[in-house]
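Hello,

Here is the structure I promised to pass on. Please have a look, then read my notes below.

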Amino acid sequence: MSLALAPTDRPRLPRGVRLAQDRVRGGMVLLAPEKAIALDAIGEAILTRVTGDATFAEIVSDLADTYSAPRDQIESDVQAFLQSLRARVFLTVVK
Amino acid sequence: MTTPPPIAMLAELTHRCPLSCPYCSNPVALHGKETELATETWADAFVQAADLGVLQLHLSGGEPASRPDLVDLTRAAHEAGLYTNLITSGIGLTPKRLDALEAAGLDHIQLSLQGTTPELADRIGGYKGGFERKMMVAEEIRKRGLPLTLNAVMHRHNLDDLDRTIDMAVELGARRLEVACVQFHGWATLNRAALLPTREQTEATKRKVAEAEARLRGTLAFDFVPPDYYADYPKACMGGWGTAGLNISPDGKVLPCHAAETIPHLTFDNIRDTPLRDIWYDSPAFNAYRGTDFLPDTCQSCDRVEVDFGGCRCQALAIAGDAAATDPVCRRSPDHGRVDRLLSEAMAEADSATFTYRVIPRP
């Protein structure tokens, strides 16, 4: 399957994958089956917008507005990050 | 070096198990039920682990479902804030118990697979009817939408069924498949000749996993543990000794890995007596092989020393006779010839070898 997200796709974290505060190391982690991924500020900014309701295009726009950054750049970063999670089934997509 | 907090903890709740797999990762000297930690002791250990920085808890065994208090333990782990994973053969998980585990906050199940047919699976597990019951449990897990990993332990007798194993993982709705070739510790060392795959099987397996991984990306994720006797370099065992994970045995001993008790000169503290934090940061056993300073020149001068940390300490002891030596599976190890000898001996005996099944002593 193609892992690329279309603008209207609604990415979501499937059951068994969730964001959590790491109260010992600080920051946020993505907890998934037998895996914990420490998130940097960018990963956190993206994943806190992955609600299952927001479309890919809406997430990109929100990030571009919030950080006053070029939309194209944001879009390719978010696309790459979400695809890497989707490849491991840490992220699914509602069409 | 500064010791980081641990990320994962393996809680071996019991050594009891209805199966008798000849490659069981439990020690050859198994503990009976009378030595097992009480519910409250485990619950307290989970709180200590979370306070120490553990994020992921693996409830394992033996068969963890052999503990009548598994639901209470799962709830305690969940309430401590741990991501809770159940490592099970499925035997002992009724629909009612799965409901209770789900309600208690279980996050994920790792289900073992001994083979793709009842004949093979039940012969490997030494438990008649086990495969059929496992398939019923897998269906119950799928119906509930509980995240599932299938852990296929692979060896000479089932590696040729890898394609079917991968199809089964997809059919059962697993998101992840571990293709875990038997590692030779504990019971498996008694069964080397019966279990070691051939080099041809190993090469075919690598090709098949790479092909399936590309084909199923986004549907089924793979974790592949190749048979390390055929590898060029050792595994970064446990991500480094005392670095990422720890293990508590059924009787409360806190270990850097599940096989660490095979290193006889180390003494392990018990969670009944000593706080987990003190054991992790200060105990001689956890500090014995931390970092890379203890390693011989072969490793110190190697560009991979920070990649694999010299490999597995237990394997270094078992094969090279020195727990501080380079893991002998490494091509650069002066003891590598011993691995080649073990391989050729095992291949010579393979056709006549029978299984030594895991047995637990009765009190």
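B:Thr14 is fully covered in this predicted model. Its relative accessible area is 0%, so B:Thr14 counts as buried. The residue sits in a loop of chain B, between strand S1 (8-12) and helix H1 (39-52).

Look at what surrounds B:Thr14. Leaving aside residues up to four places away in sequence, B:Thr14 touches B:Ser60, B:Gly61, B:Gly62, B:Glu63 and B:Pro64, among others. The list also includes B:Glu36, B:Ser66, B:Arg67 and B:Pro250. There is a polar contact as well: the B:Thr14 side chain reaches the backbone nitrogen of B:Arg16 at 2.9 Å. B:Gly32 is 18 residues away along the chain, and its C-alpha atom is 8.1 Å from that of B:Thr14.

Next, strand S5 of chain B, residues 148-154. Is this strand buried or exposed? It is mostly covered, with 7 of its 7 residues buried. B:Leu148, B:Leu150, B:Ala152 and B:Met154 point one way from S5(B). B:Thr149, B:Asn151 and B:Val153 point the other way. Both sets are buried.

S5(B) has a partner in strand S4 of chain B (residues 108-113). The pairing is parallel, over 5 bridges. Here B:Ile109 stands opposite B:Leu148. S5(B) also pairs with strand S6 of chain B (residues 176-181), again in the parallel sense, over 6 bridges. In that pairing B:Thr149 stands opposite B:Arg176. Helix H6 (residues 162-171) joins the picture here: S5(B), H6 and S6(B) make a right-handed β-α-β unit.

Last, the cysteines. How many disulfides does the whole structure hold? The search over all chains finds 0. Two cases show why. For B:Cys299, the closest cysteine sulfur is in B:Cys302, at 6.7 Å, so the pair is too far apart for a bond. The cut-off for a disulfide is 2.5 Å between the sulfur atoms. B:Cys330 also has its closest cysteine sulfur in B:Cys302, at 6.2 Å, and that is too far for a bond too. B:Cys299 is buried, at 6% relative accessible area. B:Cys330 is likewise buried, at 7%.

Please keep in mind that the model is predicted.

Best wishes

Methods:
Residues numbered from 1 in each chain as written. Chains lettered and ligands numbered in written order. Predicted model: local features only at pLDDT ≥ 70, side-chain atom pairs only at ≥ 80, totals over all residues. Heavy atoms only, no water. Buried < 20%, exposed > 50% of the residue type's maximum accessible area, 1.4 Å probe, protein only. Helix = DSSP H or I, 4+ residues; strand = E, 2+ residues; numbered from the N terminus. Pairing = 2+ DSSP bridges. Right-handed = clockwise from strand over helix to strand, strands pointing away. Contact = heavy atoms within 4.5 Å. Polar contact = N/O pair within 3.5 Å; in protein donor to acceptor, adjacent residues only side chain to side chain.
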